[in-house]
Each structure stands twice: as C-alpha cells, then as structure tokens.
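Colleague: I would like to read this model feature by feature. Please give me the general idea each time, then the case in hand.

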Amino acid sequence: MKIEDPEQVVLEAEPGRRLAYTWHTFTPRWAETNGFDAAARATLTGQPRSTVTFDLEPVGDAVKLTVTHDGGRPGATVLELVGEGWPALLSSLKTLLETGQPLPAGPTG
C-alpha cells in the first residue's frame with residue numbers, strides 16, 4: 001500500500017548510511033485495511049508525529065541495521081502499535097535476507 005502525505009517528509013538521507021523521516025499517516029484506506037474504525041483513526045491522527053531513523057553500520061563483513069522510532073507521547077497508541085509492528089517487520093526482513101522469502105504478511109503488510 002502506497003501512502004502519500006505532504007507532512008510525512010524525509011529529514012535526513014545519507015545513501016548507504018542513514019535515512020530518517022517523519023512517520024505516521026493514517027489514511028482511511030490504511031484504517032480500513034487494518035481494522036481501525038473512524039474513532040480509532042481519529043485518535044491516531046490526533047497524536048504527535050514521530051520520527052523513524054534507519055542507520056547502517058559496517059561490522060566486519062556484515063552490516064548492522066539500527067532502527068530508532070522516537071518522538072510522540074509516552075503511552076500514545078501510535079507508539080504501542082509501532083512497538084508491535086517493527087519487530088515483525090524486521091524479523092521478516094531478516095528472513096528475506098537469509099532465505100530470499102519474506103515471512104507471510106500480516107494485516108499491515
């Protein structure tokens with residue numbers, strides 16, 4: 001699913017090393033696809049935007065990926081959701097890199 005929003009912007013981009021962008025755009029289509037009603041979507045869209053940063057760092061013959069998702073309000077619904085989503089996404093990425101096949105997509109995939 002492609003989501004476009006003028007407020008979701010790239011903050012930093014250093015090819016092969018770092019990407020940071022503002023995050024969370026909860027469109028009606030996203031909400032419907034993921035089982036969120038209009039009230040839940042309104043709660044999510046009313047919360048402060050957060051920032052996602054991907055850092056790549058060489059470690060011998062390998063590359064270390066660090067994903068940092070910060071900002072927002074402690075206890076915010078958005079942060080609870082990403083706390084569940086990132087581990088699944090990164091696990092699928094690891095499986096893809098090791099086997100050539102991603103894990104089966106969940107409701108947000």
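Modeller: Start with one contact between charged side chains. Asp 55 and Arg 18 meet in a salt bridge, 2.6 Å from N to O. Keep in mind that this is a predicted model.

Colleague: Which parts of the chain does the pair of Asp 55 and Arg 18 link?

Modeller: Distant ones. Asp 55 belongs to strand 3, residues 50-59. Arg 18 belongs to strand 2, residues 18-23. The two residues are 37 apart.

Colleague: What network do salt bridges that share partners form around Asp 55?

Modeller: Glu 12, Arg 18 and Asp 55 are joined into one network. The side chains of Glu 12 and Arg 18 form a salt bridge too, at 2.9 Å from N to O.

Colleague: Is Asp 55 buried, exposed or partly exposed?

Modeller: Read the relative accessibility against two cut-offs: buried is under 20%, exposed is over 50%. Asp 55 has 21%, so it counts as partly exposed. Arg 18, at 28%, is partly exposed. Glu 12 is partly exposed as well, at 38%.

Colleague: How many salt bridges are counted?

Modeller: The count comes to four. One of them joins Arg 17 to Glu 14, with the closest N and O atoms 3.2 Å apart. Arg 17 is partly exposed, with a relative accessible area of 45%. Glu 14 is partly exposed at 40%.

Colleague: Now the sheet. How should I think about side chains along a strand?

Modeller: In a regular strand, side chains alternate between the two faces of the sheet. Then look at the strand order. Here four strands form an open sheet in the order 1-2-3-4, with antiparallel pairing.

Colleague: Which strands stand at the edges?

Modeller: Strand 1 (10-14) and strand 4 do. Each has a single partner strand, so one side of each is left without a neighbour in the sheet. The twist averages 15 degrees from one strand to the next.

Colleague: How many bridges pair strand 2 with strand 3?

Modeller: Six, in the antiparallel sense. To follow the register, pick a bridge partner. Tyr 21 has Val 52 of strand 3 as its partner.

Colleague: And how many bridges join strand 3 to strand 4?

Modeller: There are 10, and these two strands run antiparallel. Strand 4 covers residues 62-71. Pro 58 stands opposite Val 63 in strand 4. For the turn, check the backbone angles. The hairpin of strand 3 and strand 4 has two residues between the strands, and Gly 60 there takes a positive phi near 65 degrees.

Colleague: On to helices. What repeat should I have in mind?

Modeller: An α-helix has 3.6 residues a turn, so residues three or four places apart point the same way. Compare that with the buried residues of helix 3: Val 78, Val 82, Trp 86 and Ser 92.

Colleague: What do the buried residues of helix 3 pack against?

Modeller: They pack against strand 2, helix 2, strand 3 and strand 4. Helix 3 lies across strand 2, strand 3 and strand 4. It runs at about 170 degrees to strand 4.

Colleague: What span does helix 3 reach from its first C-alpha to its last?

Modeller: Compare the span with the expected rise. Helix 3, residues 77-99, has 23 residues and reaches 33 Å. That is close to the 33 Å expected at 1.5 Å a residue. Gly 100 follows helix 3, with a positive phi near 90 degrees.

Colleague: Last, residues outside the helices and strands. Where does Gln 47 lie?

Modeller: Gln 47 is in the loop between helix 2 (38-45) and strand 3. A loop position does not settle burial, so look at the area: Gln 47 is buried, at 8%. Next, list contacts beyond the sequence neighbours. Excluding residues up to four places away, Gln 47 touches His 24, Arg 73, Ala 76, Thr 77 and Val 78.

Colleague: Is Glu 7 buried or exposed?

Modeller: Exposed, at 55% relative accessibility. Glu 7 is in the segment before strand 1. Leaving aside neighbours within four places in sequence, Glu 7 is in contact with Thr 22 and Arg 49. The C-alpha atoms of Glu 7 and Trp 23 are separated by 8.7 Å, and these residues are 16 apart along the chain.

Note on methods
Residues numbered from 1 in each chain as written. Predicted model: local features only at pLDDT ≥ 70, side-chain atom pairs only at ≥ 80, totals over all residues. Heavy atoms only, no water. Buried < 20%, exposed > 50% of the residue type's maximum accessible area, 1.4 Å probe, protein only. Contact = heavy atoms within 4.5 Å. Pairing = 2+ DSSP bridges. Expected span 1.5 Å × (residues − 1). Axes fitted to C-alpha atoms, helices over the stretch in contact; angles between N-to-C directions.
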